[in-house]
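Biologist: Before we trust any labels, could we go through the reasoning behind them one step at a time?

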Amino acid sequence: MTALPLDDNSCGWYQALPVPTSARVLSGEHNADYVVLGAGFAGLGAARRLAEHKPNARILLVDAQRVAYGASGRNSGFVIDLPHKFALEHPDPAHKQKLLGLNRAAIAQLQGLVDKHGIDCQWSHAGKYQGAVGERGEAYLDHFEHLMKDLGEPYRRVEKSELTGVLGSEYYSRAIYTPGCYLMQPAALVRGMAEHLPDNVELLEQSPIRTLSREGGMWRLQGDTGTIRTPQLLLGTSIFTREFGYLKNRLLPVMTFASWTRQLTDDELARYGGQLDWGLTPADHAGTTVRMTADRRLLIRNTYKHVPRYGANVDEGVRNKIRADHRRAFVARYPELAQVPFTHTWGGVYAISRNFTNFFGQLEDGVYASACDNGVGAAWGTISGTLLADLAVGADSRQLQDIQQVTGMPSLNPPEPFLGLGVKSRIMLAKWQSRSEI
C-alpha cells in the first residue's frame with residue numbers, strides 16, 4: 001500500500017468521545033477465514049453479517065487507524081433515506097425506489113443496533129430540512145419539490161417564519177422538510193457498533209496493511225508487525241481501495257470540511273432562540289450544511305477540495321483559511337453568537353466518481369469491495385457492507401439483487417494533470433456560482 005489515511009487530529013465528533021481503551025494491533029502470523037479491511041460503516045456491516053452467516057469462522061476486521069477516527073466518524077451526522085440529489089434525477093422510478101429501500105434497510109439495521117446495545121450516539125428521528133437562502137436556492141428547492149412529488153415521498157414546505165423558529169436564524173428564505181432522515185453523533189455510533197461486534201469478529205486497529213499479494217490460493221496481507229492469510233477478503237476501504245490496485249483510475253478523492261462551536265451556555269442558547277437537534281442541507285449542491293446538535297453545538301460544513309494525496313494535501317494554513325470561511329458563514333447566520341468560538345475544524349476524505357456510480361461487487365477471485373459512496377456514506381456504507389458479505393458467502397436476496405442493479409462501474413478519469421485541473425476548476429466554479437447560498 002503506497003498511501004495511508006492521514007486524517008487530522010481535530011475532528012470534533014471524535015474528540016468529544018472518551019479516550020478509547022488500548023488498541024489490539026496486528027502482530028505475528030495469522031490465518032483467518034475472512035478478512036474485512038476498513039472498520040467504517042461498510043466494514044462494520046460486512047463483518048457483522050459474515051459472523052451471522054458463519055458463526056464458527058474466524059473473522060478479522062482490520063483498520064489502519066482507530067475506529068471512528070476516519071471518514072465514517074467525520075461526516076455531519078445525517079443518515080439519509082432519500083436517494084442522493086444526483087440519483088434523484090435518474091429517469092427510472094424503479095431505480096430510485098430500490099435506492100430508497102436499501103437506505104431504509106440500513107436505517108432499520110442501525111436503529112436495531114442502537115436499541116439492542118444502548119449505544120449513546122444522539123440517535124434521533126429528527127428528519128431533515130433542505131434550505132434556500134435566495135433566488136438561486138429557491139429554484140433548486142422548487143426542483144427538489146418536483147422530484148419528491150415524482151418519487152411519491154412525503155415532504156412539507158416550511159416558510160421563513162416557521163423556519164426561523166427552528167433554526168434560530170433569519171438567514172434562510174424557506175425550506176422543504178423530509179421526515180425520513182435520522183441524526184446521530186457519527187463517531188459515537190461507529191465506536192459503539194465496534195464495541196458490540198459478534199464474538200467471532202476480532203478487531204485489529206492501528207494496523208495498516210502495506211501490501212496485498214496472492215500466494216498459493218490465499219491472499220497475504222502484510223502489515224508493519226504482522227501478516228494475515230485468508231481465502232476471502234472484503235474491502236470497505238472507500239477511496240483507499242485504489243491503493244491496492246483496484247479501481248485505480250476511477251475514483252476521485254475529495255475532502256469536505258466542518259467546524260463546530262463549543263456547547264452553548266444557557267445565555268447563548270436563549271439568544272439563539274431556536275430548537276436543538278436539527279439538520280439542514282443546502283438546496284444548492286455547493287451550499288452550506290448546518291447542524292444544531294442535541295448537546296448544544298452549532299456545526300457548519302462547506303468547502304470541497306480535490307486531495308490526490310489525501311490528508312497530506314491539507315496543512316494548517318489551508319485549515320485556517322477554511323476555518324475563516326466557516327466563520328463568515330456562521331456569523332452571517334448567527335450574528336448574535338459572533339463571540340462563540342469554534343473549537344474544532346476538520347476534514348474527511350471520501351470517494352466520488354465522475355458518473356456518480358457506486359461500485360459494489362467482486363473484483364477478482366476472493367476479493368470483494370464496496371467503494372465510492374459519492375458522499376452519502378452512513379446509510380449506503382451500512383447496507384452495501386452488509387450485502388457484500390451476503391455476496392461473499394453466496395446468500396442471495398431481493399436486497400442483494402437490488403444493489404447489484406443500482407450499482408455499476410465508475411467511469412474512467414482523464415490522466416493527470418488534466419484530472420486535477422478539471423476537478424479544481426469545477427469546484428471553484430461551483431463555489432462561485434453558489435456564493436449567494438454559502
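Modeller: A residue counts as buried under 20% relative accessible area and as exposed over 50%, with partly exposed in between. Please keep in mind that this is a predicted model.

Biologist: Why is Tyr171 called partly exposed?

Modeller: Tyr171 has a relative accessible area of 24%, and because partly exposed lies between 20% and 50%, Tyr171 is given that name.

Biologist: What makes Tyr172 buried?

Modeller: The relative accessible area of Tyr172 is 5%, and buried means under 20%, so Tyr172 is called buried.

Biologist: Why is the aromatic pair of Tyr171 and Tyr172 called edge-to-face?

Modeller: The structure holds 11 aromatic pairs. In the pair of Tyr171 and Tyr172 the centres are 5.6 Å apart, with 80 degrees between the planes; rings pair if their centres lie within 6.5 Å, and planes over 60 degrees apart count as edge-to-face, so both conditions are met.

Biologist: Why, then, is the pair of Phe330 and Tyr334 called tilted?

Modeller: Phe330 and Tyr334 lie 5.8 Å apart, centre to centre, with 40 degrees between their planes, and because that angle is neither under 30 nor over 60 degrees, the pair counts as tilted. Phe330 and Tyr334 are both buried, and they belong to one aromatic cluster with Tyr272 and Phe342.

Biologist: How do you know that the side chains of Arg220 and Gln222 are joined by a polar contact?

Modeller: The contact between these side chains is 2.7 Å, and the cut-off for such a pair of N or O atoms is 3.5 Å, so the distance falls within it. Arg220 itself is found in strand E11, which covers residues 218–223.

Terms used: Residues are numbered from 1 along each chain as its sequence is written. This is a predicted model: local features need pLDDT of at least 70, side-chain atom pairs count only at pLDDT 80 or more; totals for chains, interfaces and linings use all residues. Side-chain values use heavy atoms; hydrogens and water are left out. Rings of Phe, Tyr and Trp (its six-membered ring) pair if their centres lie within 6.5 Å; planes under 30 degrees apart count as stacked, over 60 as edge-to-face and the rest as tilted. Buried means under 20% relative accessible area, exposed over 50%, partly exposed in between (1.4 Å probe, protein chains only). Helices (H or I, at least four residues) and strands (E, at least two) are DSSP runs, numbered from the N terminus. A polar contact is a pair of N or O atoms within 3.5 Å; within protein, one must be able to donate a hydrogen and the other to accept it, and residues adjacent in sequence count only if both atoms are side-chain atoms.
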